[in-house]
Amino acid sequence: MDTPLSTIAVVGLGTMGTGIAEVLIRAGREVIGIDISEAAARQAVASLEASTARAVRRERITEQERRDVLARFRTFGDLQAAADAELVIEVVPETYEIKQQVFRELDAIVSPTTILATGTNALSVTRLAAESQHPERVLGLHFFNPAPAMKLVEVVSSVLTAPPAVASVTRLARELGKEPVAVGDRPGFVADGLLFGYLNQAAAMYESNYASREDIDAAMRLGCGLPMGPLALLDLIGIDTARTVLEAMYTSSHDRLHAPAPVLRQLSEAGLTGRKAGRGFYTYDAPGGQDTVPDALTPTAGADTVAGRPVSSVGVAGSGTMASGIAEVFAKAGYAVVLAARGQEKADTAKARIATSLERSVTKGRLTAGARDETLARITAAPSTDAFAAVDLAVEAVAEDLEIKRELFRTLDKVCKPGAVLATTTSSLPVVAVARVTSRPEDVIGMHFFNPAPAMKLVEVVRTVLTSNEAHATVREVCAKVRKHPVDCGDRAGFIVNALLFPYLNNAVKMVEEHYASLDDIDAAMKLGGGYPMGPFELLDVVGLDVSLAIEKVLHGEFRDPGLAPAPLLEHLVAAGCLGRKTGRGFREHARR
């Protein structure tokens, strides 16, 4: 098992098998492609010819190198062709019966020292290994799609796997230019184990009509920097595949968060499995197509019949980073802004922070000196919200404490003129709870900006059951004028982004608690396998463990799902004062600022 892996058989020449074969032949390996379908084999050859031709056109390889690469790939229709392989990677359909049959047949064909790898992302490697006469040579080798582009490879050991086999495929993965992550045998492993729970919750959110598919996807792309929204990603993966993975995860965990949302079953059984079928959560231009086309659920421009109220002046209450950022956003867009804090000194400090931010933009060439001066001139620093008497929109950005916000809204109710819209930037508290302390709850709405407000494009627009259509239309029109992307959602804990993001972060902490994988491996898996800009532990330390714990407690209290209970490790770190970057220590050590 410790011999160089120079001849490798790939069993199953679908999209993933063909991608793995391409990675191997480009790295100089001899590859034996095996598929019972002649059409699949022909398609694999055609795909490799096309991809290597593109590489020649882009001058990444020469024509001679292309011919050499293609010569290293041969296709066959029978497993007997794997007889001389030192490693066999199976990527056949995701069922125990088919995979176990492949392993049983290979036992009679290959050498006892040949390593057998399964490409499963949902099934038990241990259960598959138990069907082999040599379970010590069976392991998981989980590539991500598209295999040539994605850097992550999860190397999955069962309790039966021999360490030399793990060492050999780990070395191979590095030689292929991949980043191998060692994980144990449980459904979903690391990346999919975290990813599919999040995707499932997004599907359930859509199914409950809490938010539109477009708003859910836009929220996660713009609010979290993800390359693709969860529903679009489900369409890409295949809704039937996602359902299979979730079923396996639920069988293992019995966590309700892994129980497939009913909409996944409904779409799967209707044949609406995503891009490959031409329709899933979205409708595509053709089966296998990438471009969406309008359908009955596509929002139509100008569908809103209610006009918003005119807004020329905005009041922003607060003196922190978020308040300063929001005031900067409004002032840049041409609004007259009153920035009110508790005392003139704090208000002046907040305005000075905006001046510093604008100066950075000038230095980087993003803003002219004239525009900087005009923006600052639009901002009036005030010692209290008494200065909000004439504003058309009042936005509070004070501490995330319900009683503090309620007291402020009582004041705004008295100070602000009739018809002014009152907005809270809360990320986790019930908007209706602050609306009810006013005499005009119909004018109160959530307007959740993301940090840093000048850079982040997303605003969650949160309607309560009392918010008027006119107030809602006003805020959406203002979002458009300040060049933000509004997404609509109802008044429940977490809104869209936090309701999907923080259970994912909590589950990552549980993985570490259970000693399933290390912090570094989990972070690497989500960045390399999921396209996340930061790993979950990097993000937790940036957000603040205390802030994260508070949001998770709110989510657990709202939905009462045991799977949403904060991980004890997170609670212990917060109790110890390890809050992340701001204290110098969280899940990792940080230099104090």
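Started with a salt bridge: D240 pairs with K276, and their closest N and O atoms sit 2.9 Å apart. I checked where the two belong: D240 is in helix α10 (residues 239-253) and K276 in the loop between α11 (262-269) and β9, so the bridge links distant parts of the chain, 36 residues apart. Note to self: this is a predicted model. I looked up accessibility too: D240 comes out partly exposed at 29%, and K276 is partly exposed at 44%.

Next, the other salt bridges. I get 34 in the structure. One of them joins R26 and E22 at 3.3 Å, N to O. Both are in helix α1 (residues 15-26), and because they are four residues apart, about one helical turn separates them. E22 is buried at 12% relative accessible area, under the 20% cut-off, while R26 is partly exposed at 40%. I also found E63 with R67, at 3.7 Å, and shared partners tie E63, R66 and R67 into one network.

Then I went to helix α15. Does its length add up, and what span should I expect? For 14 residues (402-415) at 1.5 Å a residue, I expect 20 Å, and the end C-alpha atoms are 20 Å apart, so that agrees. I listed its buried residues: K405, L408, F409, L412, D413 and V415. They fall within an arc of 165° seen down the axis, so they line one face of the helix. They pack against β9, β12, β13, α16 and β14.

Last, the cores. In the largest nonpolar core, of 106 residues, F281 and F388 touch the most other members. Helix α18 (residues 497-513) gives the most to this core, eleven residues.

How values were computed:
Residues are numbered from 1 along each chain as its sequence is written. This is a predicted model: local features need pLDDT of at least 70, side-chain atom pairs count only at pLDDT 80 or more; totals for chains, interfaces and linings use all residues. Side-chain values use heavy atoms; hydrogens and water are left out. The expected span of a helix is 1.5 Å times one less than its number of residues. Buried means under 20% relative accessible area, exposed over 50%, partly exposed in between (1.4 Å probe, protein chains only). The arc is that of the directions from the helix axis to the C-beta atoms. Contact means heavy atoms within 4.5 Å. A nonpolar core is a set of buried Ala, Val, Leu, Ile, Met, Phe, Trp, Tyr and Cys residues joined through side-chain atoms within 4.5 Å. A salt bridge is a side-chain nitrogen of Lys or Arg within 4 Å of a carboxyl oxygen of Asp or Glu.
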